[in-house]
Amino acid sequence: MPLSEHEQRLLEQMERALSADDPKFANAMRGSRHGRAAKRRLLVGIAAVVVGLVLLIIGASTSQIWLGAGGFIVMLAGTIWAFSPARGTGAPAGQPPAGATRRPRPGKPRRGGTFMERLEQRWDRRRGQW
């Protein structure tokens with residue numbers, strides 16, 4: 001059953017509000033705009049890993065260390081290529097566009113200090129409860 005015009009407008013308003021409140025989450029729910037490029041990177045990376053594995057096996061079976069080392073390097077490069085994000089002309093994923101101001105999330109206070117300082121504070125609070 002299709003949505004009425006009023007329901008479609010409400011849905012669009014909710015989508016805009018979500019994008020304004022939490023753009024990172026909204027982008028994750030929308031999916032990748034560069035799905036085809038990401039699939040191609042993954043396929044090329046997998047192909048490089050397979051070629052590297054073949055070179056590694058051939059190098060090990062023929063006792064040619066340089067061929068085995070080259071195969072390992074090709075495998076490593078293929079893995080890095082497959083799982084690294086593609087460089088685009090826009091802002092990195094999760095980053096707001098240029099000129100956008102970042103608002104703190106409501107209801108979530110800003111934590112101060114480094115990760116280790118926060119852990120130490122939590123430890124001290126726990127020790128004080130005993």
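Student: Is Ser63 buried or exposed in this structure?

Tutor: A residue counts as exposed when its relative accessible area is over 50%. In this predicted model, Ser63 has a relative accessible area of 63%, and therefore Ser63 is exposed.

Student: Where is Ser63 found?

Tutor: Ser63 lies in the loop between α3 and α4. Its phi is positive, about 60 degrees, although Ser63 is not a glycine.

Student: How should one read the angle at which helix α3 and helix α4 pack?

Tutor: Angles over 145 degrees count as roughly antiparallel. Helix α3 (residues 35–61) and helix α4 (residues 65–83) pack at about 165 degrees, and their axes are 7 Å apart. The angle therefore makes α3 roughly antiparallel to α4. The crossing in which α3 passes α4 is left-handed.

Student: Which residues of α3 and α4 meet?

Tutor: Among them, Leu42, Val49 and Leu56 belong to the α3 side, while Leu67, Phe72 and Trp81 are included on the α4 side. By character, the residues of this contact comprise 15 nonpolar, seven polar and one charged.

Student: Which residues in α3 are buried?

Tutor: Buried means under 20% relative accessible area. In α3, this applies to Arg41, Gly45, Gly52 and Gly59. The cover over the buried residues of α3 includes α4.

Student: What span should the 27 residues of α3 have?

Tutor: At 1.5 Å a residue, α3 should span 39 Å. The end C-alpha atoms of α3 are 39 Å apart, so the model agrees with that expectation.

Terms used: Residues are numbered from 1 along each chain as its sequence is written. This is a predicted model: local features need pLDDT of at least 70, side-chain atom pairs count only at pLDDT 80 or more; totals for chains, interfaces and linings use all residues. Side-chain values use heavy atoms; hydrogens and water are left out. Axes are lines fitted to C-alpha atoms, for helices over the stretch in contact, and angles run from 0 to 180 degrees between N-to-C directions. Helices (H or I, at least four residues) and strands (E, at least two) are DSSP runs, numbered from the N terminus. Angles under 35 degrees count as roughly parallel, over 145 as roughly antiparallel, 65 to 115 as roughly perpendicular and the rest as oblique. A crossing is left-handed if the near helix is turned anticlockwise from the far one by less than a right angle, and right-handed if clockwise. Contact means heavy atoms within 4.5 Å. Ala, Val, Leu, Ile, Met, Phe, Trp, Tyr, Cys and Pro count as nonpolar, Asp, Glu, Lys and Arg as charged, and the others, Gly among them, as polar. The expected span of a helix is 1.5 Å times one less than its number of residues. Buried means under 20% relative accessible area, exposed over 50%, partly exposed in between (1.4 Å probe, protein chains only).
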